[in-house]
Every structure is written in C-alpha cells, then in structure tokens.
Amino acid sequence: MILTGTVVADASTTIEDGGIAVEGDRIAAVGEREAILDAYPDREVHSYDLLAPGFVGSHVHSVQSLGRGIADDTELLDWLFDHVLPMEASLDAEAMYVAARLGYLEMIESGTTTCVDHLSVHHADRAFDAAVEMGVRGRLGKVLMDKRAPDGLREDTDAALAETERLVDRYHGAADGRIRYAVTPRFAVSCTEDCLRGARRIADENEGVRIHTHASENRDEVATVEEDTGYRNVHWLDEVGLTGEDVVLAHCVWTTESEREVLAETGTHVTYCPSSNMKLASGIAPVVDYLDRGINVALGNDGPPCNNTLDPLTEMRQASLLQKVDHHDPEATPARTVFEMATVNGARAAGFDRVGKLREGWRADVVGLTTDETRATPLYDPLSHLVFSAHGDDVEFTMVDGEVLQADGEVLVADADEIRARARAVASGLDGAPDCLC
Ligand SMILES: [Zn+2]
C-alpha cells in the first residue's frame, strides 16, 4: 500500500508532497510522493491531507470508559474511592469487555495506535481479548490492590500475583507481539510491600514484561504513602524495586529534588497527563525539569472519568499550554517537544522498538488526517497544526503494523454503532454512575 499526503515523519521532518510505502507490517520507504510512486508501481494508493506517526497514549484506562463524566469537580482520592472504584467493582466480565472496546474504539477513531493501559482488578482477560480483536498495539495489565481497596476490589496478595502470572503467560506477546504485559499495581496507597516487591519479581522473571503504576499525583496520596512507609512516594517505589528502565510512572506531579534524581539515575519513564492533572486539580507536573534531567517524558490521557476524552491531539495542546503558563515562558514546551512525548517518547516508555516515527524499517503505525476545515485554514506549519489546532475527529485513517483499522473515517475492525449501543445499555446499570441519558 502507498499512502500520500503531507508527511510529518517526526518532530523535525516534514515532507510537503510526500509518500509512504508500506510492505507487510513495516514501512518500506518514506519520501517525495513521485519518487515513492515510481519505486512502488501498481500498488493501492490512499491519500490523506496529513500523515503522521500513530500516537502513543502512555497512560490510559480503557475500562473506565463507561465512567465518562461520572465524577466531575472532585479531587483524586474522593474521585477514586467514592466514584471510580465502585464503578470498576460493579463491572462484570461482559461490562469489562464492552468498556474496553469503547476505549479502544475511541483510540482508533482519534489516532492513538499504541497504549499503556491500566485495566482493573477483575476480568482483565476480556480487555486483553478486546485489544487483540481490535488490533491496537498495547501494553496492558491487570490492576493489583491488596490494601485500602473497596469491597470487590481488594485481593489476597498471593492470589493477585498468581493471577498476574497467569495473564502474563496467556497474553504477553499476543497478536504477534502487538500486545505486551505490564505488571500494574494501582498505586502505593493500595498495595502492600509484598505486593509491590512481587510486581518486581514477576517483571524480572518474564523477559520483556514491564511495570506500570501511578505515583505522586496528588498531595494527599503522597502524605498517605509517607505515613504508611516513612518514605516519599518515589523513594518508596525505589526501595521496593519499582524504578528503572522497565518502569512507567504516571503523573509524578509532586516530587522532591532527591526523588527527581532517582527518576533520572534509574531511567524511569514518566507519563505526563495534563488534562487529568488539571481536571482533578492535582497540580502541574515538572516536566520541563524532567526533560532537562534526561528523563523520558511520555504523554497520556489517563481515563475518561478524569479527562473526559482519549483524544491524543487535544492532549498535546494541553501538554504544551500548561507548561507555558506554569513557566511564564512561551518557549517552555514548543510543538516539537510535546509531539515527541506523544510519539517516540511514548513508544520508548511502552517498550516497543521502531515505533513513533515514520522511517524506513520502522513499524507501519500511521494516522491520516483531514485538513479540509476552517480550523485548519490557513495551514503554514503541519506540526503546529497537529499540536495546537487539530482534534481527534480530524483523524480519518488509522494503521497498526500495516493493518488498516480505520479508513476514510470508518472503523473497519469493529461495528462502532454496536459498541456504542452496548456501552449505553451497560452504563445504565453501573454502581457509582448517575442515570445514563444514553
Ligand atoms: Zn490513571
């Protein structure tokens, strides 16, 4: 297949009249349109106004999709314990499947091709199944909670770790490696020391398995961890083995100088979630400082109950604007910086090689967008447009590993109307959720 259009191959490479040749699951060539068409004759050609690498959502909760809008105007711990966890506890296997499919549908429609997905305590199989069926690239994990958890979500430590090992055996490397496993403690507030150390053991015993958890998102969370353990949150995670190049920590809003040194020294990845941090009034993550220290910063939408969308393009805009205002510096986070967070930095955090740029030999994860709209007129700089003007609704084409998941605005791997209808039906019966207008 040949794709033609203006190609934003990475944050510093734009080809105005460009083309991409896709062979199998790889990009065979990227270059000028005419040269690509000449080199690869008689191929199917699809044209879009703008072509870019598929976006990487490095911290999402697909299975919280049924809770979109259930807990606006609350802070993290009330939001979590009074609203979101009761909702998660009420999801049976069918509801989990419906919720995950709704989340992946939104990702495919709006251009996220890779996710790092924090599932729930129960029925994780059904979310893995949904990811495999719908073709997204993802690093997914069942959530671990063995203390300070509501009824229905608190598990025995050994049972939770054993279930994790079963899921690693079943799904790590599924779909030709498109699906990989992250051991996923909810956060230090809800996990015992044995649980956190067990997470490290499982990652060490299974090649390519990573660790994904929340850290230092909110001041009350940090205080709770300090009361429980005597350590600042990141120091505690470091103490129990949950830092390193195979660890993705979501948020890291409230960190001290010495915690930041630990993040940098250990090569721990940080996922910046600006919309969630603003909506829950958690604070502003010091991502410019993290980048200055060489810490890999990725970008994530977090969950629909705290964002309330999974649109990666809007998230890039928020990511940049929030840092500019925090630093009173318009140059704090230019378009290229947040574009890298949402693409190649995300792929690094998620642990997928040759993902996040459009390059010969790299994975064929590509999105195509329309610019035939007033909001895109005039269009001088495609990178600026993607970060500051474009919306997820502009995405018309989504490809993962050379497989077309969406073309001309139509999702090909699932019945979008049916997914939305089932989601509305299930949402009507959830605990912790208001009556669904549907
Ligand atoms: Zn989260």
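Domain bounds here come from an automatic or database domain assignment. The structure is a predicted model. Its assignment gives two parts: domain 1 covers 2-54 + 356-407, and domain 2 covers 55-350. The centres of domain 1 and domain 2, taken over C-alpha atoms, are 28 Å apart. The two domains also touch. In domain 1, 27 residues are in contact with 29 residues of domain 2.

A zinc ion is bound by protein atoms. Its donors are His-59 (NE2), His-61 (NE2), His-214 (NE2) and Asp-302 (OD). These atoms lie 2.1 to 2.2 Å from the zinc ion. Along the chain, the donors follow the spacing H-x1-H-x152-H-x87-D. The angles subtended by the four donor atoms run from 88 to 173 degrees, and the arrangement is therefore irregular. A tetrahedral site would need all angles between 85 and 135 degrees. The upper value around this zinc ion, 173 degrees, falls outside that range. Of the donors, His-59 and His-61 can be described further: both are buried.

Strand β5 spans residues 55-60 and includes Ser-58. The relative accessible area of Ser-58 is 0%. The cut-off for a buried residue is under 20%, so Ser-58 counts as buried. Its surroundings come from several parts of the chain. Neighbours within four places in sequence are left aside here. Ser-58 is then in contact with Val-116, His-212, Val-248, Thr-271 and Ala-298. Leu-299, Gly-300, Gly-346 and Ala-349 are also in contact with Ser-58.

Helix α8 runs over residues 219-229. Its buried residues are Glu-221, Val-222, Thr-224 and Val-225. These residues lie on the same side of α8, because they cover an arc of only 160 degrees around the axis. The face turned away from this buried side carries Arg-219 and Glu-227, which are exposed. The helix thus has a buried side and a face with exposed residues. What do the buried residues of α8 pack against? Their partners are α2 (76-89), β10 (210-215) and α9 (233-239).

Both ends of α8 show a local feature. At the start, Asn-218 points a side-chain oxygen towards the backbone of Asp-220. That oxygen comes to within 2.7 Å of the backbone nitrogen of Asp-220. Just after the helix, Gly-230 has a positive phi of about 85 degrees.

Technical notes:
Residues numbered from 1 in each chain as written. Predicted model: local features only at pLDDT ≥ 70, side-chain atom pairs only at ≥ 80, totals over all residues. Heavy atoms only, no water. Buried < 20%, exposed > 50% of the residue type's maximum accessible area, 1.4 Å probe, protein only. Helix = DSSP H or I, 4+ residues; strand = E, 2+ residues; numbered from the N terminus. Arc of directions from axis to C-beta. Contact = heavy atoms within 4.5 Å. Polar contact = N/O pair within 3.5 Å; in protein donor to acceptor, adjacent residues only side chain to side chain. Donors = N, O, S within 2.8 Å, 3.2 Å for Na, K, Ca; no water. Tetrahedral: all angles 85-135°; square planar, octahedral: opposite > 155°, others 65-115°.
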